[in-house]
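Student: I'm new to this structure and would like a close look at one part. Could you walk me through how chain A meets its partner chains, starting with chain D?

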6 protein chains.
Amino acid sequence: MRPSRRATDEMRAVSFERGVLRHAEGSCLVKFGETHVLVAATLEERLPPWLKGQGRGWVTAEYGMLPRATHERTRREVTAGKPTGRTMEIQRLIGRSLRAVVDLERLGERQITVDCDVIQADGGTRTASITGAWIALHDCLSWMKARSMIPAIPLRDHIAAVSCGIIDGEPRLDLDYAEDSEAETDCNFVMTGTGGFVEIQGTAEKTPFTGAEFDAMVALARKGVDKLVDLQKMAVA
Amino acid sequence: MRPSRRATDEMRAVSFERGVLRHAEGSCLVKFGETHVLVAATLEERLPPWLKGQGRGWVTAEYGMLPRATHERTRREVTAGKPTGRTMEIQRLIGRSLRAVVDLERLGERQITVDCDVIQADGGTRTASITGAWIALHDCLSWMKARSMIPAIPLRDHIAAVSCGIIDGEPRLDLDYAEDSEAETDCNFVMTGTGGFVEIQGTAEKTPFTGAEFDAMVALARKGVDKLVDLQKMAVA
Amino acid sequence: MRPSRRATDEMRAVSFERGVLRHAEGSCLVKFGETHVLVAATLEERLPPWLKGQGRGWVTAEYGMLPRATHERTRREVTAGKPTGRTMEIQRLIGRSLRAVVDLERLGERQITVDCDVIQADGGTRTASITGAWIALHDCLSWMKARSMIPAIPLRDHIAAVSCGIIDGEPRLDLDYAEDSEAETDCNFVMTGTGGFVEIQGTAEKTPFTGAEFDAMVALARKGVDKLVDLQKMAVA
Amino acid sequence: MRPSRRATDEMRAVSFERGVLRHAEGSCLVKFGETHVLVAATLEERLPPWLKGQGRGWVTAEYGMLPRATHERTRREVTAGKPTGRTMEIQRLIGRSLRAVVDLERLGERQITVDCDVIQADGGTRTASITGAWIALHDCLSWMKARSMIPAIPLRDHIAAVSCGIIDGEPRLDLDYAEDSEAETDCNFVMTGTGGFVEIQGTAEKTPFTGAEFDAMVALARKGVDKLVDLQKMAVA
Amino acid sequence: MRPSRRATDEMRAVSFERGVLRHAEGSCLVKFGETHVLVAATLEERLPPWLKGQGRGWVTAEYGMLPRATHERTRREVTAGKPTGRTMEIQRLIGRSLRAVVDLERLGERQITVDCDVIQADGGTRTASITGAWIALHDCLSWMKARSMIPAIPLRDHIAAVSCGIIDGEPRLDLDYAEDSEAETDCNFVMTGTGGFVEIQGTAEKTPFTGAEFDAMVALARKGVDKLVDLQKMAVA
Amino acid sequence: MRPSRRATDEMRAVSFERGVLRHAEGSCLVKFGETHVLVAATLEERLPPWLKGQGRGWVTAEYGMLPRATHERTRREVTAGKPTGRTMEIQRLIGRSLRAVVDLERLGERQITVDCDVIQADGGTRTASITGAWIALHDCLSWMKARSMIPAIPLRDHIAAVSCGIIDGEPRLDLDYAEDSEAETDCNFVMTGTGGFVEIQGTAEKTPFTGAEFDAMVALARKGVDKLVDLQKMAVA
């Protein structure tokens, strides 16, 4: 029995609350159970220097965690003077994932920055961030379309993410913190609405995993992402 | 007429939502109109090195702002590698204000860190932070009392804060962002529930202010703080 | 009896030595008793990026303290890699105070940077800095006028600063270090030569202060600033 | 035809030169074609603070690149004051990979730091680093065994890594720089000598990849890792 | 003719003002013409970690320059977040020079930090710093002897420093800024009172120098240091 | 007898391996006995901002040390966030030394950066770096000449460097690590092929040195540099 009494292939309760920040062009409070992430998409009429004059835009992401999102208080990164390796890894992942479904040429010479700030953490903050970021990005692009800055929303597909793990030899979908800390293997999958893979990050925390175990996690991830994409569709409908 | 159609001595709608973070010993989402601050109080069984072995505790505060709390996106402080002068000024102010009403001897050799993170900014983030921090601190101390860590809540008084300003020669209470940016003078008052002053910070942004103008702002501040303290009392009742 | 045997409304011996640095456009060694601050005003034909092309200039300040200005040696800020919160607070205060009396339009598109470096500290370094900075700024502007860079000195008024405190319930003017460290309340007042307030910073270090106590400090501050402005007038006559 | 004229399932020439650094307890110059990495394993009788007193050791890794390892000169990380996100990602990956096959209890309360410094880069620096790091780690553990610090070499298995990619729809093994920069998908596999997965990192650089494409890369990776493990065995025989 | 109308073997006017800082155990304002350096020696009952428990003390130095010591204002090092290479070079040189004449065993397990802060710069700030530092160090050690912390002053010799240069093929003693910036060669000599060399730093700024030129500079330096040591003797007599 | 059984005026075995890095315009692996430095010269069509538009180029150097080049592992400088004073001193020395023999006007408005990375350290890393840097710089300039970017190699002379020391009162040439750590005096000499001095850095580590000792070191250095220049000539012939 999982600590949350879920079936092995069952997601936590997932919700999206759109438009939660009055200043942002797009925003979303995404919840995967007790993991809550506030996502804000900001449109800026500027580009990183290396991209100027090429006729296309850019989407990037930043990730942060409030100090008391966690069980124990986490020191602010500004106190150490630099982001941790974990933060950099996650924000690069979110950015790459979003760019996989945006048509940057049709965005024009602009940058959208997607800020994912974890208000409360209970495992899966990066997968919740990516899944909610798609909503905030979509709403930012809608905002631009409503102002005739772009003729159509330049999104090629949905993007959503979920984690899977092996615990006591059993593959499980969407680990919470209690499971995450005892998993032998932890895999994050970022996939499109049409079933393509954008990112796979699998790590054997304790014991190496087998090909069969990996295939079982892939199957769970497909199921989870299908559910998340359905929820995204309902949210922006 | 003020942009918000309030009377010159009228506060914005103020609310406190307690217990919003499941991991924190005390927490509060405080709203002064469209200014929203998430406050978390964390109890730690450790002390800054210079305070060890003196038989008393410590209360400190940190302040942050999510990048898209503001009209334009603000760069994360970790990107610059250090907090801005404004951030340091504000978090020192919050810490001093709280310590003015806590009996540190009765707290014991422990530290409470109060994190104030601005989710949305519309002027007065430091006054909202202080006012909400009192609630989170109170609830953290209640949590300790419930666990028999302390025999009673070691708070000597309420603490609350409000800003006043002079606009077109007119003293006004609780400025929002639109007023703050055009005020000739901006004063922040931190006061106790029994009417004592803990901090006064007055700045002539454009024209020096007179003694009479200052006295008018003091009177407005008294009125605002009385209201805030009443609301705090209702919130923790 | 005060440790320095002064009356409660008596300033320390104050002196200004002008032109102490051969390279600076304006400079002043200001002494408030044993507090000695070296002030240098530098004219530069450049502006911060956000101010360019607006037809007006800028005055800014930086503050530092030599490591052995203090009783115990203080670590250099460069060793920590960043200024302390206290330093940032003080240099922002000095800059705002000076700008309150400079006509930035008449200064033209130039920047004056006022460096205040504490050679020896005995309380009141920020008030001595502001008071001496007015002299160095004045002399920098005279230097410009002598070279026909400006037709007249664009200063609207004098600016001077003094601290007051409550010790054993007694309001006192111009605290030295011995008093500062035992004061219940510490207030800094920055005022113009014509009696306007530019900055008020009052802090209850131990016990909240009353309205009556605050009024008594205001009265002492007025007396101190009047004296300081008289001394400034003699110095530049 | 691949730029290097290799078959799609063909590794570059791989070599290990052991004992290249006279001071290090274990060292190895590993070459994957024109990618050259110098690996040094250092034994230290100390532990990170969070691991002390638990009766087990630690293996960690650091990664660097000489400025002119690359086509264009790369700025030294010390100049920016902090490692890039890429560097942190890679060194965390190397450390996790090595720890997957070390019995930390049998290592005792000691730390081995494995430094991987890229002398020349032509794609696959992280996979060459991991594969060579196993050799340096092995030799460091032999050095300890020879001095009776440990009764046996506490390695449970080999560890090796290889990249695969999809280029023009074709899965290929062990990409060099020319291929890496035009690949649609880039996957890194870290596997044990007995065929277990330790890390999978797959990224769709341009187009999402399918399950079938991923399976083809897994098959190539198995083949590459088998070859690398054979070469490791010969090297330490 | 030299810009200062001095003879080629003539020092600038040199003076030492002792005891200028009330808090420091030893202090000295040293002037080499228009180069003015404030030196403070601080006694601390602590040691760097690597020196603890060895029965001997340590002397170290730090060097700084006020922003407007120079013709053009120099940015504060704290703004860049780290000392420049030049600063580190100079403070290491001062520390080594002083340690060459201190008997660290007889100092006991204590550290003396000598801060050299340039108030005004006109060439030769490092040589003035070393020469003045000997005075401040001497006075700090006298202060300790007066308090019976040490039975005698543990100084084995005087230490003084001077620069020489080649300008238009002519060797000259004690360059000021105007000469320093046009010198072909610039050499700094640190010597003891009995004629031993402690440091020689010679740099060909434009043309390599010959052995004969170097010998001529050595002869000038001997003459200059003899003069400086005589002045030190008079100062502490 | 020296630890290496060399005569007092005998250099270690010196070798230059050219062209060791495929991407660099010039490169050299220089060995002074067990001290091995990898030098890479990079040509860039850009200049530091302060040099633009003056019709001449620039040569600069950077210096690094791999963590396990040394007996004990040395922490990476990026971990501390800034280069040590020693590193900055050395890289400034290498840059100045090279510029002394390059005709910067004839180089044109380009920059050559010479990276010296110590692979293995056994004393004399700075002298080996300078001596090998001349080779890498020469080869970079040849590369430019071969591409008709410059009509001739703009080098006025050779440059080479060697250390000398006094051990037990005996002057010795080219100290290795064992000698360096027990030397009373340590001098580095940078000289041209025609016998001019470019840099002299002499330090009394323990006892001040005499003029006669210094002269003996100069004579040894001349002998060593003559040998190094002969080897450079053979290497590039």
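Tutor: Let's start with chain D, then. In this predicted model, 25 residues of chain A are in contact with 25 residues of chain D. Together, chain A and chain D bury about 2,200 Å², and carbon and sulfur atoms account for 56% of that. Three residues stand out here: E89(A), F197(A) and I200(A) supply 23% of the area that chain A buries against chain D, more than any other three residues.

What about charged pairs? Between chain A and chain D the count is two salt bridges. You can look one up on screen: R92(A) and E89(D) join their side chains in a salt bridge, with 2.8 Å from N to O. As for polar contacts, there are ten residue pairs between chain A and chain D, counting pairs with both residues at pLDDT 80 or more.

Now see where on chain A this side comes from. The elements that give two or more residues to the side touching chain D are α2 (85–99), β9 (197–204) and α6 (211–236) of chain A. Of the residues on that side, β9(A) brings the largest share, with eight residues. Sorted by class, the side of chain A that touches chain D holds nine nonpolar, nine polar and seven charged residues.

There's a neat symmetry to this pair. Turn chain A by 180°, with 0.0 Å of shift along the axis, and it superposes on chain D with an RMSD of 0.0 Å. In chain A, the C-alpha nearest that axis belongs to Q201(A), 2.3 Å away from it. Also, 100% of the interface residues of chain A are interface residues in chain D too, so the copies meet through the same surface.

Next, swing round to chain B, which also touches chain A. Here 36 residues of chain B are in contact with 36 residues of chain A, and the area buried between the two is about 2,800 Å², with 51% of it from carbon and sulfur atoms. On the chain B side, H23(B), R68(B) and R73(B) supply 28% of the area buried against chain A, more than any other three residues.

Salt bridges come up again: there are 14 across the interface of chain B and chain A. One of them links D115(B) with R73(A), whose closest N and O atoms are 2.6 Å apart. The polar contacts across this interface come to 22 residue pairs, both residues being at pLDDT 80 or more. On chain B, the elements that give two or more residues to this side are β3 (35–44), β4 (58–65), α1 (77–80) and β5 (111–120). The largest share, six residues, comes from β5(B). By class, this side of chain B divides into 15 nonpolar, nine polar and twelve charged residues.

Symmetry shows up for this pair as well. A rotation of 180° with 0.0 Å of shift along its axis lays chain B on chain A, at an RMSD of 0.0 Å. The two copies are therefore related as by a two-fold rotation axis. Since 100% of the interface residues of chain B are also interface residues in chain A, the copies meet through the same surface.

One chain that chain A doesn't touch is chain E: no contact joins them, and their closest C-alpha atoms lie 11 Å apart.

Methods
Residues numbered from 1 in each chain as written. Chains lettered and ligands numbered in written order. Predicted model: local features only at pLDDT ≥ 70, side-chain atom pairs only at ≥ 80, totals over all residues. Heavy atoms only, no water. Contact = heavy atoms within 4.5 Å. Buried area = accessible area lost by both parts, 1.4 Å probe. Salt bridge = Lys/Arg side-chain N within 4 Å of Asp/Glu carboxyl O. Polar contact = N/O pair within 3.5 Å; in protein donor to acceptor, adjacent residues only side chain to side chain. Helix = DSSP H or I, 4+ residues; strand = E, 2+ residues; numbered from the N terminus. Nonpolar A, V, L, I, M, F, W, Y, C, P; charged D, E, K, R; others polar. Least-squares fit on C-alpha atoms with pLDDT ≥ 70 in both.
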